[in-house]
Amino acid sequence: MAPRALTICCDIVRWIPVVFITAIIVWSYYAYVVQMCFFTVESIAEKVIYLLIYHPILVLFLWSYGKTIFAPIGAVPRQFYLSKSDADKMSRETVEGQKAILVNVAKDLPVLNRTQSGSPRYCEKCHCVKPDRCHHCSVCGQCVLKMDHHCPWVNNCVGFSNYKFFVLFLGYGLLYCFYVAATSLQYFILFWKSGVSKDMGHFHILFLFFVAVMFGISLISLFGYHCYLTACNRSTLESFRAPIFQSGPDKNGFSLGKFNNFTEVFGVDKKLWFIPVFTSETDGVSFPTRNNLQANSNNSYQTMGETPAPSAGDGISYPTRTIDLDSDGLLADRQRWMEEGGESDGGEKPGSYGTHENGGFNLA
């Protein structure tokens, strides 16, 4: 019963950030619509204009937020999972035996990404070959297609199934904050100059402006960062650790040009670009790459004893590691560090950034 109770407690705690954000939105609605528009704004025309613009922004904001929260996690298709016999062999085989099993399983799968040692990427916890851009989330307890990061503010993994919703949530959240701040500024200045008042409506409007500005500033950099990632066709994880192809690491391996990168996430129908409905035309398993990186996933990866260090993207580089196939197991700590950037039972590895994938460093 103890583990079950602990799991329930953890699940409840994880919803606290979502409840907090929801409470802020509900209170802001009361402060803006009731206290400011109904009780403070005197002009009827001004009231109508404020409310007519405010509500569509709010609806799109809440719609995007809800879709981000409740979108199902992009699960790995069954054909990527090892059979029970192959999974058992993986735990007993030598490095070469493990690699042979993975190559055999992956030969008919659309996988281009590799580990540093040249093997198809394998999740020891899920017992599956990882599709391109897929990573294991320790919080969700499963592999997630095109995982970007696990976001506590939505209590969900941000990945293939909801990345568009997440970007729209950030964008509409920023628009919501700036609109509320801009339209309440004159009343904020008026009440601030008037000094202490016993009217609670004044406090609501003063606090509303402060909260809108505070959240707006925090969203600027986050929204800008994810716009940049969308334009480059990278996930947050890929911006820190470049995906490894058969030709080597390349942080721009999935980049097809800014417009094509945008439509890969937002779809080709312009009418639906800014509506929180799923429009991606990819399947979350295979992704188009630059022409010079197109390769047959059945070809073996040639190792020369010492492999080049993968680019971590945006000026970050990992130290060069020598891969010794006789001693560096496919599932060993060193290989996991290069692929996942996480922690193992032995503690944090040198150069580990505690990335989202392992429930650590969160950008959102």
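## A buried salt bridge and the helices around it

The side chains of R133 and E238 meet in a salt bridge, with N and O 2.8 Å apart. R133 lies in the loop between β2 (128-129) and β3 (135-137), whereas E238 lies in helix α8 (residues 236-240), so the pair ties together parts that are 105 residues apart in sequence. The model in which this contact is found is a predicted one. R133 counts as buried because its relative accessibility is 1%, below the limit of 20% that applies to this class. E238 counts as buried as well, at 3% relative accessibility. The contact also belongs to a wider arrangement: R133, E238 and E264 are linked in a network of salt bridges.

A search of the whole structure finds five salt bridges. One of them joins R14 to D11, with the closest N and O atoms 3.4 Å apart. These two residues are three places apart in helix α1 (residues 2-14), and are therefore separated by about one helical turn. An α-helix has 3.6 residues a turn, so residues three or four places apart point the same way. R14 is partly exposed, with a relative accessibility of 34%, and D11 is partly exposed too, at 35%. Another salt bridge is formed by K271 and D269, whose closest N and O atoms are 3.2 Å apart. Here K271 counts as exposed, at 68% relative accessibility, while D269 is partly exposed, with a relative accessible area of 30%.

From the charged pairs the account turns to the annotated segments. The unreviewed UniProt entry carries the annotation "transmembrane region" for residues 12-32, 44-65, 165-191 and 203-225. In the model, the span of residues 12-32 is 95% helix and 0% strand, and its end C-alpha atoms lie 30 Å apart. The span of residues 165-191 is 100% helix and 0% strand, with 37 Å between its end C-alpha atoms.

Helix α6 (residues 163-194) can be examined in further detail. At 1.5 Å a residue, its 32 residues should span 46 Å; the end C-alpha atoms are 45 Å apart, which agrees with that expectation. The end-to-end distance should be read together with the local geometry, for α6 contains a kink of about 50 degrees centred on L185.

Two residues of α6 show how this helix is placed against other parts of the chain. G173 is found in helix α6 and is buried, with a relative accessible area of 1%. The C-alpha atoms of G173 and I57 are separated by 8.6 Å, although the two residues are 116 residues apart along the chain. V180 is also found in helix α6, and is buried with a relative accessible area of 2%. The C-alpha atom of V180 is 7.2 Å from that of F209, a residue 29 positions away along the chain. The UniProt annotation places I57 within 44-65 and F209 within 203-225, both described there as "transmembrane region".

A surface feature is found on the segment that begins at residue 44. I44, V48, I49, L52 and I53 form a nonpolar patch on the surface, and together they have about 480 Å² of accessible area. Of these residues, I53 lies in helix α3 (residues 44-70) and counts as partly exposed because its relative accessibility is 40%. The annotated range 44-65 in the UniProt entry includes the residues of this patch.

The final topic is backbone geometry in the loops. Most residues other than glycine have a negative phi, and most peptide bonds are trans. H127 has a positive phi, near 60 degrees, and is a residue other than glycine. H127 is found in the loop between β1 (122-123) and β2 and is partly exposed, with a relative accessible area of 35%. K146, likewise a residue other than glycine, has a positive phi near 45 degrees. K146 is found in the loop between β4 (142-144) and β5 (149-151), and counts as buried at 10% relative accessibility.

Notes
Residues numbered from 1 in each chain as written. Predicted model: local features only at pLDDT ≥ 70, side-chain atom pairs only at ≥ 80, totals over all residues. Heavy atoms only, no water. UniProt positions renumbered as here; feature names shortened; annotations may be inferred. Helix = DSSP H or I, 4+ residues; strand = E, 2+ residues; numbered from the N terminus. Patch = residues over 30% accessible without salt bridge, like charges linked within 9 Å, V, L, I, M, F, W, Y side chains within 5 Å. Areas by Shrake-Rupley, 256 points an atom, 1.4 Å probe, with all protein chains shown as cover. Salt bridge = Lys/Arg side-chain N within 4 Å of Asp/Glu carboxyl O. Buried < 20%, exposed > 50% of the residue type's maximum accessible area, 1.4 Å probe, protein only. Expected span 1.5 Å × (residues − 1). Bend = angle between axes of the 7 residues up to and from the residue.
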